[in-house]
Amino acid sequence: MFGSSFRVARIFGIDIEIHPSWFLILAFVAYSLSEGFFPDGYENWSTGVYWAVGVTSALLLFLTVLIHELAHALVAKRRGLDVPRITLFIFGGVSHLGRQPSSAGEEFQIAAAGPATSLVIAIATGLGALLLRGTNEQVEAVLFYLAFVNAALAVFNILPGFPLDGGRVLRSIAWKKTGSFRRATRVASGVGEVFGYGLLAVGFFLLLGGLLFDGLWLMFIGWFLLGAARGEAANLQLEGVLKGLSAREVMRADFPSVVPGSPLQSIVDDIMVGQGERAVMVANGGAVLGILTVSDVRAIPRDEWRGTPAQTAMTPRERIVTVIATTPAVEVLVLLGEKRLNQVPVLDDGRMIGMITRREILERLQLAETLTPDAGSASAAG
Ligand SMILES: [Zn+2]
């Protein structure tokens, strides 16, 4: 869902990205502060002042959300996890970790850093508001708002539903207790689903009671939590099955190959339709020139298949996305998804030694699911 985000800054080696939905919520917060919250709390400001304070507060709110995310990210980095980016979006922020935490303690520290930071910000801005009482009403108003909203953020985030920070804290505790990351994730994503359904239900009742906006907003958050909790359970299953496997171990070394001059028609007849292959390597002796896929073939009109050699229709080697043999299988699967590829060749020392297809990885996952009881019950929870 963060596909269309764009980068605005780079802090501590982490890309800070903004998703377009962020502008919606920023505009909404600025509007409701300027037209509702501040006019209700403070009298006799001009419209311009309400808006200046409202917009400033909305921007500072998102700055504190960013600090919350940076807290997660910096603790993660200190523990040796890669944090390529932080995305700000309609529900706040999310830190993208390069891998799952490797111990319960690590997960606990990373998860707890966020709400703890929000709490510290709430206390600091709250004290600031008290100290400045009676000097500058606008500064006091901004600080008071930040204290209030950061306290709310800290509380909301420690709700024990996955993927909220509280859900991660819950998972780290369950992990410590059971010694199993998988079982702990199942517990935390199960609770996350319950929270998701709960918010959907509460939102629906508010909606029926005439609180249209609050109702829809809660349902929206509930729906988001539900999807995220299920996604985490599904990811876990993938990681569990592929854990420890490299590209070399999930690739096929006996991939079909053709010479550059083979006509498309015979490749379609013999290999694609004949053997059910979606791609063939085009090679001359030991040298791989490219890959010919079903979509490459479909780009050529059917009546030209007989006269077109493989070399003309193939995707040449320099335009193919490849992975090296030691790449973890989980990363290969992520790559296939991100680039919308059906297959990716595997290189060793610059030589193509095999091919990984999405279909085969998925079949392998399904097989593992039917054979291992642990993975099977994980799918029941998610
Ligand atoms: Zn957080």
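**Figure 1. Ser-5 and its contacts ahead of strand S1.** Beyond its neighbours within four places in sequence, Ser-5 is in contact with Glu-17, Ile-18, His-19, Pro-20 and Thr-87. The model shown here and in every other view is predicted. Ser-5 lies in the segment before S1. Its relative accessible area is 15%. Ser-5 is therefore buried, since the cut-off is under 20%. Ser-21 is 16 residues from Ser-5 in sequence, and the two C-alpha atoms are 9.1 Å apart.

**Figure 2. Ile-16 in strand S2.** Strand S2 holds Ile-16. This residue is buried, with 3% relative accessible area. Ile-16 touches Phe-6, Arg-7, Val-8, Ala-9 and Ile-11, among others. The list of partners also includes Leu-66 and Ile-86. Residues up to four places away in sequence are not counted here. Pro-84 is 68 residues from Ile-16 along the chain. In space, C-alpha to C-alpha, Ile-16 and Pro-84 are 9.0 Å apart.

**Figure 3. Two non-glycine residues with positive phi.** Phe-12 has a positive phi of about 50°, although it is not a glycine. Phe-12 sits in the loop between strand S1 (6–11) and strand S2 (14–18). With a relative accessible area of 53%, Phe-12 is exposed. Asn-44 is not a glycine either, and has a positive phi of about 65°. The loop that carries Asn-44 runs between helix H1 (21–41) and helix H2 (47–78). Asn-44 is exposed, at 75% relative accessibility.

**Figure 4. The largest nonpolar core.** This core has 29 residues. Those with the most contacts inside it are Val-29, Phe-38, Trp-45, Leu-61 and Tyr-145. Two or more residues come from each of H1, H2, strand S3 (85–89), helix H4 (137–157) and helix H7 (212–242). H1 gives the most to this core, with seven residues. Val-29 is in contact with Ala-58, Leu-61 and Tyr-145, leaving aside its neighbours within four places in sequence. Another core lies apart from this one and has 17 residues. Among the residues of that other core are Val-332, Leu-336, Ile-356 and Ile-361.

**Figure 5. Asn-150 in helix H4.** Asn-150 is found in helix H4. Its relative accessible area is 0%, so Asn-150 counts as buried. Thr-64, Ser-118, Ile-121 and Ala-122 are in contact with Asn-150. Neighbours of Asn-150 within four places in sequence are left out of that list.

**Figure 6. Gly-198 in helix H6.** Helix H6 covers residues 181–208 and includes Gly-198. Gly-198 is partly exposed, at 31% relative accessibility. That value lies between the limits for buried, under 20%, and exposed, over 50%, which is why Gly-198 falls in the middle class. Leu-119 is 79 residues from Gly-198 in sequence. Their C-alpha atoms are 25 Å apart in space.

**Figure 7. Helix H9 and the elements packed against it.** Helix H9 spans residues 264–275. Its buried residues are Leu-264, Gln-265, Ile-267, Val-268, Ile-271 and Met-272. These buried residues pack against three strands: S5 (257–258), S6 (279–284) and S7 (287–293). They also pack against helix H10 (294–298) and helix H11 (310–313). Gly-276 comes just after H9 and takes a positive phi of about 75°.

**Figure 8. The whole chain, for context.** The protein chain has 14 helices and eleven strands. Its radius of gyration is 27 Å, well over the 21 Å that the globule rule gives for 382 residues, so the chain is more spread out than a compact globule. Along its principal axes, the C-alpha trace spans about 85 × 50 × 45 Å. Of the 382 residues, 46% are buried. Among contacts with a separation of 6 or more, 60% join residues 24 or more positions apart. The chain exposes about 19400 Å², and carbon and sulfur atoms supply 61% of that area. The chain carries 31 positive and 33 negative charges, and the mean positions of the two sets are 6 Å apart.

Terms used. Residues numbered from 1 in each chain as written. Predicted model: local features only at pLDDT ≥ 70, side-chain atom pairs only at ≥ 80, totals over all residues. Heavy atoms only, no water. Helix = DSSP H or I, 4+ residues; strand = E, 2+ residues; numbered from the N terminus. Buried < 20%, exposed > 50% of the residue type's maximum accessible area, 1.4 Å probe, protein only. Rg over C-alpha atoms; globule rule 2.2 N^0.38 Å. Contact = heavy atoms within 4.5 Å. Areas by Shrake-Rupley, 256 points an atom, 1.4 Å probe, with all protein chains shown as cover. Lys, Arg positive; Asp, Glu negative; His and termini not counted. Charge placed at Lys NZ, Arg CZ, Asp CG, Glu CD. Core = buried A, V, L, I, M, F, W, Y, C linked by side-chain atoms within 4.5 Å.
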